[in-house]
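Student: I am new to this structure and would like to learn how to read its features one at a time. Please start with a contact that involves a charge, and then move on from there.

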Amino acid sequence: MSIEREVIAGPGVPATIGPYSPGVRAGNMLYVAGQPGVDPDSGRPAGASLRDQARQALQNVESVLQAGGSRPELVVNVTVLVTDISEFAVVNEVFGEMFPHEPPARMVMQVPLPLGLLISVGCVAIVDSA
């Protein structure tokens, strides 16, 4: 059995900050790499607050989802990396904005992040068959 694999990158997809793909579609699944809270136009953090960076990170995730043929409603699992777990309530607030109904499974971990980043969000989604 052969599964088709396609790298999701290019126009409309935020550039990565290292040697990895923004997303990879394999069969009917889409794997979105950790998207930092970086403004894709400037290449810099989208603000000094976790809230600003979290909203941008989720916008970046949504851009990769769309480019890969999926959408937020089809996300099944999310991994969130934050530099300060004491701001967990902010993560919940912004997460709830993107996933207001039947949210996906999620894991949140505190880790050091590079370049002044406060958050990175990656996910796994089903490719839209419609």
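**A charge, a ring and a pair**

Student: Over which ring does the charged end of Arg 106 sit?

Tutor: Look for the ring of Phe 95, because a charge counts as sitting over a ring when CZ of Arg is within 6 Å of the ring centre and within 35 degrees of the ring normal. Here the charged end of Arg 106 lies 4.6 Å from the centre of the Phe 95 ring. Please keep in mind throughout that this is a predicted model.

Student: How many aromatic pairs are there?

Tutor: The count comes to one aromatic pair. Its members are Phe 95 and Phe 99, whose ring centres are 4.7 Å apart and whose planes make an angle of 45 degrees, so the pair is called tilted, a class that falls between stacked, under 30 degrees, and edge-to-face, over 60.

Student: Are Phe 95 and Phe 99 buried or exposed?

Tutor: Phe 95 is buried, and Phe 99 is buried as well.

Student: Which residues of the largest nonpolar core touch the most other members?

Tutor: The core has 27 residues, and those touching the most other members are Leu 65, Val 78, Val 80, Ile 119 and Val 121. To see where the core comes from, follow the elements that each supply at least two of its residues, namely β3 (29-36), α1 (50-67), β4 (75-82), α2 (88-98) and β6 (119-126). The largest share, seven residues, is supplied by α1.

Student: Strand β4 also holds Leu 81. Why does Leu 81 count as partly exposed?

Tutor: Leu 81 counts as partly exposed because its relative accessibility is 22%, and buried means under 20%. The C-alpha atom of Leu 81 is separated by 8.2 Å from that of Leu 113, although these two residues are 32 positions apart along the chain.

Student: Which residues form a nonpolar patch on the surface?

Tutor: The patch consists of Ile 17, Tyr 20 and Leu 115, which together have about 310 Å² of accessible area. Ile 17 is found in the loop between β1 (5-8) and β2 (23-26), and its relative accessibility of 45% is why Ile 17 counts as partly exposed.

Student: How many salt bridges does a search of the whole structure find?

Tutor: The search finds six. One of them joins Arg 55 to Glu 93, with 3.6 Å between the closest N and O atoms. Since Arg 55 lies in helix α1 and Glu 93 in helix α2, this pair ties together parts that are 38 residues apart in sequence.

Student: Which other salt bridge does Arg 55 form with a residue of helix α2?

Tutor: Arg 55 also meets the side chain of Glu 97 in a salt bridge, at 2.6 Å from N to O. Glu 97 lies in helix α2 and Arg 55 in helix α1, so this pair ties together parts that are 42 residues apart in sequence. Arg 55 counts as partly exposed at 32% relative accessibility, as does Glu 93 at 36% and Glu 97 at 43%.

Student: What is the N to O distance in the salt bridge between Glu 73 and Arg 71?

Tutor: The distance is 3.5 Å. Glu 73 counts as exposed at 59% relative accessibility, whereas Arg 71 counts as partly exposed at 32%.

Student: Which residues are joined into one network by salt bridges that share partners?

Tutor: That network joins Arg 51, Arg 55, Glu 93 and Glu 97.

Technical notes:
Residues numbered from 1 in each chain as written. Predicted model: local features only at pLDDT ≥ 70, side-chain atom pairs only at ≥ 80, totals over all residues. Heavy atoms only, no water. Phe/Tyr/Trp six-rings, centres within 6.5 Å; stacked < 30°, edge-to-face > 60°. Buried < 20%, exposed > 50% of the residue type's maximum accessible area, 1.4 Å probe, protein only. Patch = residues over 30% accessible without salt bridge, like charges linked within 9 Å, V, L, I, M, F, W, Y side chains within 5 Å. Areas by Shrake-Rupley, 256 points an atom, 1.4 Å probe, with all protein chains shown as cover. Salt bridge = Lys/Arg side-chain N within 4 Å of Asp/Glu carboxyl O. Helix = DSSP H or I, 4+ residues; strand = E, 2+ residues; numbered from the N terminus. Core = buried A, V, L, I, M, F, W, Y, C linked by side-chain atoms within 4.5 Å.
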